[in-house]
Structure formats: C-alpha cells, structure tokens
Amino acid sequence: MYSKILVPIDLSDVGHGKEVLGVAEKLLQPGGTITVLNVVEDIPGYVAAELPDEIVKDLSGNAQKALEEIISGLSGNIELEVRRGSPASAIVAASEQLGVDLIIIASHSPGLADYFLGSTASRVVRHAKCPVLVDR
Ligand code: ADP
C-alpha cells in the first residue's frame with residue numbers, strides 16, 4: 001500500500017487516465033492522497049499565432065477544469081495539479097517535490113499500442129527516484 005500516489009493524466013487519453021485512477025485507489029492506503037497531474041506543454045510561438053486567443057490564454061485553466069471533471073464522483077483525498085513544461089520532466093519534478101511514494105502512468109497514447117513504452121512513460125521510468133507502475 002502507498003500513502004502518496006501521483007497519477008499523471010494526458011488529456012488526450014482520459015479513458016485510460018480514469019482506469020489508472022482506479023488502480024491508484026486500490027493501492028492507496030487508508031488516509032493516503034492521490035495527486036492527479038496534467039502537464040500543459042508550451043506551445044511554440046508560430047503555432048500559438050494560428051490558434052484563437054482564448055485557447056492560448058487559458059490552457060492551464062482548461063486543464064484544471066478537465067481534471068475536475070475526471071475526478072468528479074470519486075471520493076477520498078484527491079488533489080489536482082497542473083504544471084507547465086515538458087511532461088516527463090514536470091512529472092519527475094512533481095514526484096520529488098510532493099514526496100510521492102508511487103507514480104502510476106499509462107504505457108502509451110492510444111493508437112501507439114505497438115510501442116512497448118511511450119516517450120513520456122519511458123523517461124519517467126528512467127528518471128524517477130520512486131517506484132513507477134506502468135499500466136497497460
Ligand atoms: P506516447 O509517447 O505513446 O504518446 P506517452 O509516454 O506520452 O505516450 O504517454 C503515456 C502516459 O504518460 C500518459 O497516459 C500519461 O499517463 C502520461 N503523460 C503523457 N503526457 C502527459 C501530460 N501532458 N501530462 C500528464 N501526463 C502525461
């Protein structure tokens with residue numbers, strides 16, 4: 001059982017994210033905390049220039065709202081976190097700053113099922129200092 005579990009969720013793969021949350025609930029010790037994290041990647045200027053202003057301005061706010069919907073209906077101590085930057089580095093940094101004892105991550109994006117491990121998942125497995133459970 002684990003007392004602090006980090007569940008990074010890619011908002012383009014919410015279905016798998018919810019499954020991973022179910023795994024986290026089973027492995028969480030009573031009174032423990034699950035932190036659900038989404039990392040908003042920085043958009044290159046030339047891409048941002050082509051997007052509507054309201055989308056570019058509030059990427060973090062939109063991610064926060066999406067995470068709130070994902071956890072609605074779940075009980076227990078669930079915290080939400082939105083960070084900016086590169087997903088793998090931000091996930092590893094969050095795991096250290098929050099002092100989590102387990103990260104549960106999905107193996108890859110949908111449609112890339114032939115890959116053993118996606119790029120974010122493999123970087124997190126390589127660099128995290130705590131145990132990482134890769135869900136398939
Ligand atoms: P792929 O390389 O096949 O796209 P990834 O390794 O990027 O796959 O994604 C695997 C998992 O990594 C996701 O299901 C999620 O758990 C995590 N992840 C990827 N991107 C993000 C992100 N921006 N924020 C939070 N978690 C992410």
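The largest pocket of this predicted model is lined by 31 residues. Five of these lie nearest the pocket centre: Ile-9, Asp-10, Pro-87, Ser-109 and Thr-120. Six elements each give two or more residues to the lining. Two are strand E1, spanning residues 2-8, and helix H1, spanning residues 14-27. The others are E2, H5, E4 and H6. By residue type, the lining holds 18 nonpolar, nine polar and four charged residues. The space inside the largest pocket comes to about 620 Å³.

This pocket is also where the ligand sits. Four elements each supply two or more residues to the shell around the ligand. Two of them are strands, E2 (28-40) and E4 (102-106). The other two are helices, H5 (87-98) and H6 (119-127). E2, H5, E4 and H6 thus appear both in the ligand shell and in the pocket lining.

The shell itself consists of 17 residues. The closest to the ligand are Pro-8, Val-39, Ser-109, Ser-119 and Thr-120. Ser-109 and Thr-120 are named here among the closest shell residues, and they are also among the residues nearest the pocket centre. The shell divides into 10 nonpolar residues, six polar residues and one charged residue.

Polar backbone atoms of the protein approach oxygen of the ligand at several places. At Pro-8, a polar backbone atom lies 2.8 Å from a ligand oxygen atom. Pro-8 is also one of the closest shell residues. At Ala-121, the distance from a polar backbone atom to an oxygen atom of the ligand is 2.9 Å. At Ala-106, the corresponding distance is 3.4 Å. Taken alone, the ligand has 550 Å² of accessible area, and the protein covers 90% of this area.

Methods:
Residues are numbered from 1 along each chain as its sequence is written. This is a predicted model: local features need pLDDT of at least 70, side-chain atom pairs count only at pLDDT 80 or more; totals for chains, interfaces and linings use all residues. Side-chain values use heavy atoms; hydrogens and water are left out. A residue is near a molecule or strand if one of its heavy atoms lies within 4 Å of it. A polar contact is a pair of N or O atoms within 3.5 Å; within protein, one must be able to donate a hydrogen and the other to accept it, and residues adjacent in sequence count only if both atoms are side-chain atoms. Accessible areas come from the Shrake-Rupley method with a 1.4 Å probe; for residues, only the protein chains shown count as cover. On a 1 Å grid over the protein atoms alone, a cavity is a set of points where a 1.4 Å probe fits but cannot get out, and a pocket is an open set with protein on both sides within 12 Å along at least five of seven lines; lining residues have an atom within 4 Å of a point. A molecule sits in a cavity or pocket if more than half of its atoms lie within 2 Å of its grid points. Ala, Val, Leu, Ile, Met, Phe, Trp, Tyr, Cys and Pro count as nonpolar, Asp, Glu, Lys and Arg as charged, and the others, Gly among them, as polar. Grid points are joined across faces, edges and corners, and a volume is the space filled by probe spheres set on the points.
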